[in-house]
Amino acid sequence: SVLLDAAMDAALEGHERVAPAALADVVAALKNTLRSSDVSASARDAALVEFAQRLVDKYLLGAATTSSDDVFRAIKILSSFATQYPQAFGYGEPARAGHAVLGLLEQLPRVATPKQGELVQHALRTLLLLLRAADARAFATLGGEVVQLLAAPAGADEPAPALRFPGFSDACGLSAPAGGREAASGGGAVRRGLLQ
């Protein structure tokens, strides 16, 4: 429990101060759950998975209405969790890690500073390492689709990540969003981010 407390404090260090109120409340509830002696290891893992899923859903995949600062705070937390709590992403299970990878890829057009770019790249690297260890086929599928995207002629309208990477989405058991080819803001930004 002491080791868990130290790891949790390191992963969430400073996030209560900088996170939006709703996120700070979720972080505090998670810390209480993880520190409780009445909670089983499987319940702790489930709480971590749920927390990571909520961050991805609300701040990465639902980011169109979320401020850029909040998105990058959430990415920082996810990056810390991927490093210190890989069980939050099912130790690379495609449905968990793949969902977060698609959410991070969707944020590439929002990267405005080198620091934000480094943050997204670190989170992607960490999650992709987990994914590769758990499911090499899903990892290879994404790699193939990235190469196809980079080899395709540049266009102003890029589809949403789940549509750009349909094989990867399928390999992860994720469904593509409804709505067909959604344009990503800043056409070419995903292509530039992938090249980095």
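Which residue lies over the face of F139? That is R132, at 5.9 Å from the ring centre. Before going on, please note that this is a predicted model.

Now to the pairs of rings. A pair of aromatic rings is described by the distance of the centres and the angle of the planes. Searching the whole structure turns up 2 aromatic pairs.

Take F51 and F81. Their centres are 5.2 Å apart, with 35 degrees between the planes, and the pair is tilted. Where do these two residues sit along the chain? F51 belongs to helix α4, residues 41-61, and F81 to helix α5, residues 68-84. They are 30 residues apart, so the pair links distant parts of the chain.

The other pair is F81 with Y85. Here the ring centres are 5.1 Å apart and the planes are at 50 degrees. Why is this pair called tilted? Because an angle of 50 degrees is neither under 30, which would count as stacked, nor over 60, which would count as edge-to-face.

F81 takes part in both pairs, and the ring pairs link F51, F81 and Y85 into a cluster.

Are these residues buried or exposed? F51 has a relative accessible area of 4%, F81 is at 1% and Y85 is at 2%. Buried means under 20%, so F51, F81 and Y85 each count as buried.

To recap: a cluster of F51, F81 and Y85 linked by ring pairs, and R132 over the face of F139.

Conventions. Residues are numbered from 1 along each chain as its sequence is written. This is a predicted model: local features need pLDDT of at least 70, side-chain atom pairs count only at pLDDT 80 or more; totals for chains, interfaces and linings use all residues. Side-chain values use heavy atoms; hydrogens and water are left out. Rings of Phe, Tyr and Trp (its six-membered ring) pair if their centres lie within 6.5 Å; planes under 30 degrees apart count as stacked, over 60 as edge-to-face and the rest as tilted. Helices (H or I, at least four residues) and strands (E, at least two) are DSSP runs, numbered from the N terminus. Buried means under 20% relative accessible area, exposed over 50%, partly exposed in between (1.4 Å probe, protein chains only). A charge sits over a ring if NZ of Lys or CZ of Arg is within 6 Å of the ring centre and within 35 degrees of the ring normal.
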